[in-house]
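Here are my notes for you, since this one is new to you. Have the sequence and the model open side by side and go through the points in order.

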Amino acid sequence: MQQVVELFKCRLRQGFCPLIVMACIWCVIAIPLPAVAQSSELPELETSASRHLNTVQERRIGQGFYRRLLASPKFVEDYLLQHYIQSIGDRISQHSDLRGVEPVFSLYQDNTVNAYAVPGGYITLYTGLVLAAERESELAAVVAHEIAHLTQRHLPRMLERQSEQKLPTLAALLASLVVGGEVGVAGATAAIGASESSQLAYSREFEREADAIGIRLLADSGFDPMAMPDFFEKLDRSSIHSGRGIPEYLRTHPLSHARMAASQDRAASYPAWEPQESLDFFLAAARIRALLSADQQQPILVFQHEVDSESRTVQTAARYGKAMILYEEGEIEQALEIIRPLSMQFPEHPWIQSLHAQMEFADGQADQAIERYQNVLEANPEALYLNYLLAEAYLENDQPEKALRLIRKQVRRNPYNLTLYQVQKKIHIALDQHAEADQSIVEYLVLLGDYERAISVLKRALRQTREEGYLKQSLEARITELEEKI
């Protein structure tokens, strides 16, 4: 344990990313170890654990973590990939008991096979994990496992156990992480001094519960329950044969023969699952390879090979990925030659149609591109990200008023969506409406729990506004409201 502490100190002295340091500390202390038994008996959650960390505190901890994640250059901001990861999480979450928490799912650019959950409902998947999965149910298995850690409130229960044993509690660690900076790091390294041996048995219990609940969530959500033991066993087997060492996810969620056998038995108790191929899953993997690979030669070779696959779904995703790489490299005509037949084959698929529209814009066909966005949005009204793309297309075509009407409508319908406020801010700036842009920034910061920065932005907007009417009054009222929250 002392070696871990010294490593974190060293990394911070070298300017290592605070996000990674925090994630590593979280994994060392809070991520479960292997299960040694299986039982359908799950604990009663309304225990004294809530006295050690209530849901409001969990939310604040999660918001502090998420603010740091958003600031990381490796946070994946791509609208389509964000939507896909969130949609998988939402599909599973609606079958879980998260007690009013609406989880936020994020994608982090790293080839490591890893994922983790943070208090308050924040779950992060690494791009390496998505690429390691061979089918959507395998990716969903990891999501379900992490959701299960949240539903069982494993962190408050760990705090309760530590309190009973008079060990240094995780509260000091988590408070330090939220504070951040050198003070936060000092508090975090001090809090790591808890006894490892006393946490092992309890952590095995966590893992057993997460397996049991995760498999049930997979079945309830329409995914293959066998995907969980299959994927974990595949990772374990590949690490043995490749000689590259244990994947990070298996370091933080270690496998044992007992745990694997128990999870296989539990998954086998559900009805056999009919094999399905998800085009969105393969498109997401292709998009990650095309957009987030440092060297584009390798994914191009992969796509060329997959174009000859016996699976039409794999073929489609390979053509999509190849077209995207050509588009990113400025080879618009070659990219259009690939996307046009795909676009005709999938006239209402938002990923394929939106890429076609991007290419049309780059080819000087702005009106045609906007019409394509409008048509695919009409066919997929639930795809909120299409509104972002259409609004940005309006901006590029010097139609900010249309963009503003579109986004304002969505803000009214989805007042807790962070991305909408970011897009709305861009539009206000394009319209030279800086006070309104500041208000969009404020609502964004409020959703992240960053009230002090929100007040600072409001006061700046108040100083800059020359109006004496409604705008000034609304700024003053919002400042008073947020000061009361602090």
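1. What share of the contacts in the protein chain with a separation of 6 or more comes from residues 24 or more positions apart? The figure is 65%. Keep in mind as you read that this is a predicted model.

2. Now the general make-up. The protein chain has 26 helices and 3 strands. It runs to 486 residues, and 53% of them count as buried.

3. On to charged pairs. Side chains of opposite charge can pair when their charged atoms come close. In this structure you'll find 18 salt bridges. A good one to start with joins D78 and R287, whose closest N and O atoms sit 2.8 Å apart. D78 is in the loop between helix 4 (55-71) and helix 5 (79-93), while R287 belongs to helix 15 (residues 279-292), so this salt bridge ties together parts that are 209 residues apart in sequence. Buried or exposed, these two, D78 and R287? Both are buried.

4. Next, have a look at D438 and R460. Their side chains meet in a salt bridge, with 2.4 Å from N to O. Here too the pair links distant parts of the chain: D438 is in helix 24 (residues 434-447) and R460 in helix 25 (residues 451-464), 22 residues apart. The two ends of the pair are not covered alike. D438 has a relative accessible area of 6%, so it is buried. R460 comes out at 33% relative accessibility, so it counts as partly exposed. The cut-off at work here is that buried means under 20% relative accessible area.

5. Which residues are linked with E138 in a network of salt bridges? They are E134, R135, D224, D230 and K234. Within that network, E138 pairs with R135, the closest N and O atoms being 3.9 Å apart. That value still passes, because a salt bridge needs the nitrogen within 4 Å of the carboxyl oxygen. E138 is buried, at 2% relative accessibility, whereas R135 is partly exposed, with a relative accessible area of 23%.

6. Helix 7 (residues 136-151) is worth a quick check on length. With 16 residues at 1.5 Å a residue, helix 7 should span 22 Å, and its end C-alpha atoms are indeed 22 Å apart, so the two agree. As for cover, 16 of the 16 residues of helix 7 are buried. Just after helix 7 comes R153, which takes a positive phi of about 50°.

7. While we're on backbone angles, two other residues deserve a glance. R99 is not a glycine, yet its phi is positive, at about 55°. You'll find R99 in the loop between helix 5 and strand 1 (104-108), and at 36% relative accessibility R99 counts as partly exposed. D432 is another residue other than glycine with a positive phi, near 60°. D432 is in the loop between helix 23 (418-430) and helix 24, and its 56% relative accessibility makes D432 exposed.

8. Back to helix 15, this time for how it packs. The axes of helix 15 and helix 16 (residues 297-306) come within 9 Å and cross at roughly 150°. That crossing makes helix 15 roughly antiparallel to helix 16, because angles over 145 degrees fall in that class. On the helix 15 side, A286, R289 and A290 take part, and they meet P299, V302, F303 and E306 of helix 16. By class, this contact has 5 nonpolar, no polar and 2 charged residues.

9. Finally, how do helix 19 (residues 350-362) and helix 21 (residues 385-396) lie, and at roughly what angle do their axes cross? The axes come within 12 Å and cross at roughly 10°, which means helix 19 is roughly parallel to helix 21. The contact is built from P350, W351, S354 and F361 of helix 19, along with Y385, L386, L389, A393 and E396 of helix 21. Sorted by class, the contact of helix 19 with helix 21 has 7 nonpolar, 1 polar and 1 charged residues.

How values were computed. Residues are numbered from 1 along each chain as its sequence is written. This is a predicted model: local features need pLDDT of at least 70, side-chain atom pairs count only at pLDDT 80 or more; totals for chains, interfaces and linings use all residues. Side-chain values use heavy atoms; hydrogens and water are left out. Helices (H or I, at least four residues) and strands (E, at least two) are DSSP runs, numbered from the N terminus. Buried means under 20% relative accessible area, exposed over 50%, partly exposed in between (1.4 Å probe, protein chains only). Axes are lines fitted to C-alpha atoms, for helices over the stretch in contact, and angles run from 0 to 180 degrees between N-to-C directions. Angles under 35 degrees count as roughly parallel, over 145 as roughly antiparallel, 65 to 115 as roughly perpendicular and the rest as oblique. Contact means heavy atoms within 4.5 Å. Ala, Val, Leu, Ile, Met, Phe, Trp, Tyr, Cys and Pro count as nonpolar, Asp, Glu, Lys and Arg as charged, and the others, Gly among them, as polar. The expected span of a helix is 1.5 Å times one less than its number of residues.
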